[in-house]
Amino acid sequence: MPVHCLALPAPLRTPLARLQLLLRILVFVCAFKTCAATPQPAAPVYDGVIRQNPDGRMEAYLRPPFNNSHASFLEIMPDGSLALAYFSGTQEGQAGVAIVLTQLPPGATEWPLAHTISQRANFSNQNPVLLSDPQSGVFHVFHSQQAADAGESDSQVWHLQSTDNGRTFTTPRPLFTQPGTFDRNRILRAWDGSLVFPIYSARGNNSDQYSAMQINPDLNGDLNRGWRNFTVQGSNYLVQPTLWWWPHPHGPQLRALFRDRRAERIYYAHSNDLGRTWSVPVPTAFPNNNAAIQVNVMHASQGRPIALVFNNSTGADANDRAPLTVALSYDGGVTWPFQRNLEPPVPQPPGQGTGDPIIEHSYPSIVQGKDGVVHVAYTWNRETVKYCAFTVEWIKGERGGAMPLNFQS
């Protein structure tokens, strides 16, 4: 019986050709097995559940009420709950973008779905700022508002408030009506009882924009009137100042760091008269990518360090709004010996242009609870808000810095 053999194509009839084909097959199989065996990071679940990260901190990805979310802000409430506000809607600047609010009760392990507290047809609400005032018992919410798709040059700052810890609110009303007025960072109370509200002008080109302080003597608890504006001279290109108080031989000194519209450096200035006049801002060693930053003073029992959360990159770096870093200073902001990434650098693919960032971990807010736990919230790729909780020791990388599972806000 004849034996029938499969004839090889002419290019594979030589031993060398067959060996080359075998090597290609082996390379393909090995590559396939390597890809299959390499564990891929699990996609985050936007369910608000607080889980422990392998690095010791706690974290959660909030359930977004709308498609696009940004610019979160944290505040500790009188009952120990943690309030978190941000803006959410179709896209920043478009019609119907709303200020939304959620609160985490003490000991809770899941963030509730945020609900709308301020929304206006054909307008875009942005940049909420929260103030829970223990003196009056009033919970204040401030935010910017602009006509939809009209840019920021004609924006205003609006105000609403609650006397029942955020369960109900007054009807929002305009507060600072100078066109281009914007807010972003925390309001501080001065030693004389007045309130210092850092704002900035978003009107015109980047070179036209500048920072200012709105100061209210707060004589009767009515924050709908009584504000006076004080411009930070020499602050062109510099916006969104974030403030802290620091002891000084000549009295308490108000210090500020600024976002840089040129996407180069974080800038610094100080005031010796409770925010009315300021030194000329100067660049620091920290980079800035034209994105928001925020500082907060930690507890005196921990040495009263200043904590700063910022994108550790410039506009010239490959990473647009990453990495996101938290840093500690024990000398009022002069030096920052401890730094730790909340989110790592993420390289952009070859050929990525200078348009919208493909990765965005930005616009952080930071507070510290009475128990010493540090809480941070920030934008997660404009899809939702990410929440993290950790200790000062965690920032420093010390032993015992891991978060307990039963932490309290």
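## Exercises on salt bridges, buried polar residues and a pocket

Asp-47 is a buried residue, its relative accessible area being 18%. The model examined in these exercises is a predicted one.

**Exercise 1.** Determine which residue forms a salt bridge with Asp-47, and decide whether that partner is buried or exposed to some degree.

*Solution.* The first step is to find the partner, which is Arg-51, and the closest N and O atoms of this pair lie 2.7 Å apart. A salt bridge requires a distance within 4 Å between such atoms. The second step is to consider accessibility: Arg-51 has a relative accessible area of 40% and is therefore partly exposed, whereas Asp-47, at 18%, falls under the 20% limit and so counts as buried.

**Exercise 2.** Explain which parts of the chain are tied together by the salt bridge between Glu-92 and Arg-382, and describe the network to which these residues belong.

*Solution.* Begin with the geometry, in which the side chains of Glu-92 and Arg-382 meet at 2.6 Å, taken from N to O. Next, place both residues: Glu-92 sits in the loop between β4 (82-89) and β5 (98-104), while Arg-382 sits in the loop between β25 (374-380) and β26 (384-390), so the pair links parts of the chain that are 290 residues apart in sequence. Then compare accessibilities, where Glu-92 is partly exposed at 29% and Arg-382 is buried at 19%. Finally, follow the shared partners, through which salt bridges join Glu-92, Arg-321, Glu-360 and Arg-382 into one network. In total, the structure holds 13 salt bridges.

**Exercise 3.** Work out where Ser-362 is found and which residues it contacts beyond its neighbours within four places in sequence.

*Solution.* Start with the secondary structure, since Ser-362 belongs to strand β24. Its relative accessibility is 0%, and the residue is therefore classed as buried. The side chain of Ser-362 makes a polar contact of 2.7 Å with the side chain of Glu-360, and Glu-360 is itself one of the members of the salt-bridge network in Exercise 2. Once neighbours within four places are set aside, the contacts of Ser-362 are His-70, Asn-311, Arg-321, Tyr-378 and Thr-379.

**Exercise 4.** Identify the polar partners of the side chain of Asp-133, and list the contacts that remain when neighbours within four places in sequence are left aside.

*Solution.* Asp-133 lies in strand β7 and, at 5% relative accessibility, is buried. A polar atom of its side chain lies 3.1 Å from the backbone nitrogen of Gln-135, and a polar contact of 3.2 Å joins the side chain of Asp-133 to that of Arg-189. Arg-189 appears again among the contacts left after the sequence neighbours are set aside, together with Val-138, His-140 and Asp-218.

**Exercise 5.** Describe the largest pocket by its volume, its lining residues, the elements that contribute to it and its chemical character.

*Solution.* The volume comes first, and the largest pocket contains about 950 Å³ of space. Its lining is made up of 27 residues, and those nearest the centre are Glu-75, Ser-132, Arg-186, Leu-188 and Asn-296. Two or more lining residues come from each of the strands β3 (68-76), β7 (123-133), β12 (188-189), β16 (238-246), β20 (294-297) and β24 (361-368). The last step sorts the lining by residue type, which gives 15 nonpolar, 6 polar and 6 charged residues.

Definitions and conventions
Residues numbered from 1 in each chain as written. Predicted model: local features only at pLDDT ≥ 70, side-chain atom pairs only at ≥ 80, totals over all residues. Heavy atoms only, no water. 1 Å grid on protein atoms, 1.4 Å probe; cavity = no way out; pocket = protein on both sides within 12 Å on 5 of 7 lines; lining within 4 Å. Points joined across faces, edges and corners; volume = space filled by probe spheres on them. Helix = DSSP H or I, 4+ residues; strand = E, 2+ residues; numbered from the N terminus. Nonpolar A, V, L, I, M, F, W, Y, C, P; charged D, E, K, R; others polar. Buried < 20%, exposed > 50% of the residue type's maximum accessible area, 1.4 Å probe, protein only. Polar contact = N/O pair within 3.5 Å; in protein donor to acceptor, adjacent residues only side chain to side chain. Contact = heavy atoms within 4.5 Å.
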